[in-house]
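Let's take a relaxed walk through a protein model and see how its pieces fit together. Keep the structure open beside you as you read.

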Amino acid sequence: MNPSEPKITPELVAEHGLKPDEYERILTLIGREPTFTELGIFSAMWNEHCSYKSSRLHLRGLPTKAPWVIQGPGENAGVIDIGDGKAAVFKMESHNHPSYIEPYQGAGTGVGGILRDVFTMGARPIAALNALRFGDPKHPRTRHLVGGVVAGIAGYGNSFGVPTVGGLVGFHTRYDGNNLVNAMAVGLADADKIFYAKATGVGLPVVYLGSKTGRDGIHGATMASAEFGEGAEEKRPTVQVGDPFAEKLLLEACLEIMEAGCVVAIQDMGAAGLTCSAVEMGAKGDLGIELDLDKLPCRETGMSAYEMMLSESQERMLMVIAPGKEEQAEAIFLKWGLDFAIVGYTTDTLRFVVRHKGEIKADLPIKELGDEAPLYDRPWVETPKQQRIDPASLDITATIPGALERLIGSPDFASKRWIWEQYDHLILNNTVQRPGGDAAVVRVEDGPKGLAMSCDVTPRYCEADPFEGGKQAVAEAWRNITAVGARPLALTDNLNFGNPEKPEIMGQLVGCLRGIAAAALELDFPVVSGNVSLYNETNGRGILPTPTIGGVGVLDDIEKMATLDFKASGETILVLGVTTGWLGQSAFLSEILDREEGAPPPVDLALERKTGDLVRGLIADGLVTAVHDVSDGGLLVALTEMALASGIGANLAAPPPDMNPFAFWFGEDQARYIVTVESSAKALVLRRAELAGVSVAKLGSTGGDRLHIAGERPIVVDALRERHEAWLPIYMGAGLM
Amino acid sequence: MKSAVLVFPGSNREGDVARALHMVSGVKPAMVWHADSALPQGTDLVVLPGGFSYGDYLRCGAIAARAPIMDAVRAHAARGGLVLGICNGFQILCESGLLPGVLVRNARLRFICREALLKVERNDTPFTRRYARGAIVRYPVAHGEGNYTADAQTLKRLEDEGRVLFRYVMPDGHRDDAQVLNGAANSIAGIVSEKLNVLGLMPHPENHVDPLVGPTDGRALFESLVGALEKA
């Protein structure tokens, strides 16, 4: 025992985020008191972020297989076959806590981390997306967080050179003090050239690549596994600092080194840095790993073994290099100006041994570090069901046009142009559908194939009914991908919840996961990667349950892609699907009546599938001219978005007499799409809908410069656009430019 | 046409411009590493692509301007060879003394990625011969530091000599220096050297060449270069 190191006390154990019974488990496992470095290693491996100890049990229920799935959850990212020998590699991951403490670096390194996960598998990133949730716009910190997070994402992605093509942004008071930054990356690889973390072969060099190790980010993952209280900002030193330039070089060097056949196994150093990456490579390959920290490239002198093992310095990789390839690999890395050091070897001992300055700082059983991590079946209670809202019971003083004007200029619905114009969404010259559509679409190489991607979740629904909310998030991602004409193939989930030690929060997690599983199964839309972020609470109040779904689909011919803008005057506007006027948990109820209540709209998965398959077929056969899915805000918001994108208005019929007009126009029934058809195609489209057993109703026709519902005040499209575009720039204090 | 695209560590639009050159000219350009000291034999056109050379943590383009390959680029320009610098490439050309002035942070201090309307001020240059004089074209911009500035004397000289080749304009075709997207002096988007053989511009013609992904207004710039070099 080194006398200069702190003595292991119950307080020190608690500071490492380990519960007394978890510490007992360590003592039983190794049969002695851990060293200080070992305690740090356990803390890194056994925190919620790395071990999934509260969620693991329930994640097992997710469907993860399909004939096109090459790699499901458990690796750096999921991999699916997209045909022609190509694979899409993708994942979404949260960087919530760091982004609240230090928004620019927190969000930037979130992007960096997810890009690294993708290129670690041998894929070149071709698109990035993000799902952001901020607190009430009136909260004093919200503006600062929006500005910092957006600049951080832009600063990293733009410099790295990946187009940021889509995402979502929402505001709600329940994210005050705990904003969410969920970053998704999608990469392209040859389907037969995927790289994994699993090490093979004894006595092979373990090589460290990339930037040097500094003291930044120590215990980042442990910080991210605890609630925030007062003084959260003081945790700033646990946030890493990003260097997109180093990441860009690392990308090019890694792809080059892989192409040259030098790599046996590769793992990026993300959460819990060197510890997690080394343990994972060894444990997955049933091998031991011995590290010599004297060889570690360090940014500063005097770093202890503890600090080196727990640093979360960015832009670093660990690889096992093929025998005899060391020199070739080193030459490639030096060309890119990156550090290259042999820091250890694989062994057949199944031990994780760390040496530093002639001392053994850690000697632990490598498989147990991961496998024996605590697994909790935490108590949970089901969220009580809410009543269906009867529209007749609502006291509505607004008018239909007045409510639309308010909704379209409200924080959640207002244009996010101010945000996505800060992201380079055009680099690589493959962005076929730019931000603002239902799904982003990027061309695959020189085409004609494209990938469609969308991020979705409606946290209000999840809070009111986790099961239906979980289903809805998956269904909406599936629908958005369908709405551009693509076949949805697989999804990544980013599960953001509060403190799982509270049974009601745990009940939200369990309910949402069951809903996600049900929808993923029914829609043949398996989960191939994901991330869990718990303890999203500040001063004891949890966020809205937010299981963000990132879906990916393939479009066989980008020239047949559908877009949502009205194309011409005089076309018929149809809605496919059933409109019952479901106002529970709707945006209308929340924004106009200031009430967040009622049961959310149920998702009929069979109907969802039937309707989506019909729409995809209509798009492929060129029978529809514009397509838009109907989601929150209902029919009228969807129609407005189609008008705003084109500048063409619409004449709309009055709702059916037996239906409350507010419920008709703003209700959020699921499984619906609005399409426009030329008069020559109308009969055929109606026939196809009938054959598919999908309800169809005529809403009106396109034309003019205003939206005009029979019997209501017409609204000029340009005036709606002004409202739609104004809110965010004015809120950010930037004027209208 | 033999073209060479320089690659600095941190360049990231080299692939986009190489693809555009290949698409329009039918020939793939040579990719030339920053640490090299010579251009390939017979290079007609040198392209400095967009990106964040060396991370651009210092002044944009300042380190790249001192890269080994830049002496060869200066010699090529001095011989009258064609040089095209886009975005970071424009910044590097200014830092290396091949073009006057400097690009500073956008007036609103934010990165901007959007389509911009540009006026082609003259069509008697190797870069614009396939455009009509005064044509209004759409190229996207994607930059955080595209705010062109120079001292009053330099600006006057550029204007007097007709060396402003591309200017940001409003939808009505007129320039409005108070409203220009990045704050550039005289709404300058791109300038040429005295001999008209070196062009630096912030917007990205290479991202508007392919009808499958968007407008094709940038195509004529590359067609102009092909035409100019065929004739020569």
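## A hairpin and its neighbours

Start with S15(A) and S16(A), which form a hairpin with six residues between them. In the turn sits Glu445(A), and its phi is positive, at about 50 degrees. Bear in mind that this is a predicted model.

What joins the two arms of the hairpin? Strand S15 (residues 440-443) of chain A is linked to S16(A) by four bridges, and the two run antiparallel. To find one of those links, look at Val441(A): its bridge partner in S16(A) is Ala452(A).

S16(A) has another partner too. Seven bridges connect S16(A) with strand S21 (residues 546-555) of chain A, again in the antiparallel sense. Here you can pick out Cys455(A), whose bridge partner in S21(A) is Gly550(A).

Is strand S16 (residues 450-456) of chain A mostly covered or mostly open? It is mostly covered, with seven of its seven residues buried. Both faces are involved: Gly450(A), Ala452(A), Ser454(A) and Asp456(A) are buried on one side, while Leu451(A), Met453(A) and Cys455(A) are buried on the other.

## A sheet of seven strands

Elsewhere in chain A, seven strands make an open sheet with mixed pairing, in the order S8-S10-S7-S11-S9-S12-S13. Strand S8 (263-268) and strand S13 (359-365) are at the edges with a single partner strand each, so each has one side without a neighbour in the sheet. On average, neighbouring strands of this sheet are turned by 25 degrees against each other, ignoring direction.

Inside that order, strand S7 (residues 205-210) and strand S11 (residues 339-347) of chain A pair antiparallel over six bridges. One pair to look for is Gly210(A) and its bridge partner in S11(A), Asp339(A).

Here are the antiparallel strand pairs of chain A we've met so far:

| Strand pair | Bridges | A bridge partner pair |
|---|---|---|
| S15(A) and S16(A) | four bridges | Val441(A) and Ala452(A) |
| S16(A) and S21(A) | seven bridges | Cys455(A) and Gly550(A) |
| S7(A) and S11(A) | six bridges | Gly210(A) and Asp339(A) |

## A helix on the inside

Now for a helix. Helix H7 (residues 103-119) of chain A has 17 residues, which at 1.5 Å a residue should span 24 Å; its end C-alpha atoms are 24 Å apart, so the two agree. Of the 17 residues of H7(A), 17 are buried, so the helix is largely enclosed by the rest of the structure.

## Where the chains touch

How many residues does each chain bring to the contact? Chain A gives 26 residues and chain B gives 23 residues. On the chain A side, helix H8 (142-160), helix H10 (244-259) and strand S14 (431-433) supply at least two residues each. Sorted by class, that side of chain A has twelve nonpolar, ten polar and four charged residues.

## The listed site in chain B

An unreviewed UniProt entry lists Cys87(B), His204(B) and Glu206(B) under "active site". They are spread over 120 residues of sequence, yet they cluster in space, with a largest C-alpha distance of 11.0 Å.

His204(B) lies in the loop between strand S11 (198-201) and helix H5 (219-231) of chain B, and Glu206(B) is found in the loop between S11 and H5 of chain B. Why does His204(B) count as buried? Because it has 28 C-beta neighbours inside 10 Å, and the cut-off is 20 or more. Glu206(B) counts as buried with 31 such neighbours.

Leaving aside neighbours within four places in sequence, the contacts of His204(B) include Cys87(B) and Arg13(B). Under that same condition, Glu206(B) touches residues including Arg13(B), Asp16(B) and Gly218(B).

Note on methods
Residues numbered from 1 in each chain as written. Chains lettered and ligands numbered in written order. Predicted model: local features only at pLDDT ≥ 70, side-chain atom pairs only at ≥ 80, totals over all residues. UniProt positions renumbered as here; feature names shortened; annotations may be inferred. Buried ≥ 20, exposed ≤ 12 C-beta atoms within 10 Å, placed from the backbone. Contact = placed C-beta atoms within 7 Å. Pairing = 2+ DSSP bridges. Axes fitted to C-alpha atoms, helices over the stretch in contact; angles between N-to-C directions. Expected span 1.5 Å × (residues − 1). Nonpolar A, V, L, I, M, F, W, Y, C, P; charged D, E, K, R; others polar.
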